[in-house]
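Take a look at the protein shown below. We will walk through it step by step, starting with a small puzzle.

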Amino acid sequence: MTTTIELGGQDRSLLFGTMGYFRYIKEATGQEPFEWLEAFDKMRGENISGNVSLLIDDLCVFIYAGINSWLDSKDAENVSFERVKKWCNAITIDQATEVLRTAFGTIQNDAPGEVLAPKEGQG
């Protein structure tokens with residue numbers, strides 16, 4: 001699944017749900033991608049305090065993974081995580097919502113806190 005948002009003064013496409021996407025999550029977080037996604041989903045579902053961190057820090061991971069996954073699909077040069085974090089300072093709540101909606105459309109929750117890869121024909 002893809003979405004396009006304005007970052008760094010230009011429209012940038014993000015591609016979610018690919019092998020590269022999960023590799024970039026691991027690169028950015030230092031954690032296994034599905035473990036990180038499961039923890040993120042659990043925190044998001046609990047509405048705990050710290051939602052600012054959720055929107056700022058964790059959103060950068062989704063955007064970094066999505067941008068570089070898209071760039072890989074076009075055989076283009078990747079963007080550094082530091083640059084993506086800088087661009088994320090200008091993201092609106094609407095853009096953040098769109099990114100999360102698209103990113104989580106590529107995975108399926110079978111049970112609360114359980115994150116699984118999409119089943120065949122989904123995503």
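How far is the sulfur of C60 from the closest cysteine sulfur? The distance is 3.5 Å, and the partner is C88. That is too far for a bond, because a disulfide is a pair of cysteine sulfur atoms within 2.5 Å. Seen from C88, the closest cysteine sulfur is in C60, again at 3.5 Å. A search of the whole structure finds zero disulfides. Both cysteines are buried, a word used for residues under 20% relative accessible area (over 50% is exposed, in between is partly exposed; 1.4 Å probe, protein chains only). C60 has a relative accessible area of 4%, and C88 has 11%.

A word on the source. This is a predicted model, in which local features need pLDDT of at least 70 and side-chain atom pairs count only at pLDDT 80 or more, while totals for chains, interfaces and linings use all residues. Residues are numbered from 1 along each chain as its sequence is written, and side-chain values use heavy atoms, with hydrogens and water left out.

Now the overall plan. The protein has five helices and four strands. Helices (H or I, at least four residues) and strands (E, at least two) are DSSP runs, numbered from the N terminus. Along the sequence they follow the pattern β-β-α-α-α-α-α-β-β. Of the 123 residues, 40% are buried. Contacts are heavy atoms within 4.5 Å. Take the contacts with a separation of 6 or more: residues 24 or more positions apart account for 60% of them. L59 and A96 show such a long reach along the chain: they are 37 residues apart, yet their C-alpha atoms are separated by 7.1 Å. L59 lies in helix α3 and is buried, at 3% relative accessibility.

Next, the aromatic rings. Rings of Phe, Tyr and Trp (its six-membered ring) pair if their centres lie within 6.5 Å; planes under 30 degrees apart count as stacked, over 60 as edge-to-face and the rest as tilted. By this rule there are eight aromatic pairs. One of them joins W36 and F40, which are stacked at 5.6 Å centre to centre with 20° between the planes. Both residues lie in helix α2 (residues 33–46), four residues apart, about one turn of the helix. Both are buried. Elsewhere, F16, Y21, F22 and F34 form one aromatic cluster.

Charges meet rings too. A charge sits over a ring if NZ of Lys or CZ of Arg is within 6 Å of the ring centre and within 35 degrees of the ring normal. The charged end of R12 sits over the ring of W87, 3.8 Å from its centre. R23 lies over the face of Y24, at 4.4 Å from the ring centre.

Which residue has a phi near 55°? It is D75, a residue other than glycine with a positive value. Most residues other than glycine have a negative phi. D75 is placed in the loop between α3 (51–73) and α4 (81–88). At 74% relative accessibility, D75 is exposed.

Finally, confidence. pLDDT is the predictor's confidence in each residue, from 0 to 100. Its mean over the protein is 82, and 76% of the residues reach 70 or more. Among the elements, strand β2 (residues 10–15) has the highest mean, 96, and strand β4 (residues 114–116) the lowest, 44. Over residues 107–123 pLDDT stays under 50. Where pLDDT is low, the predicted coordinates should not be read in detail.
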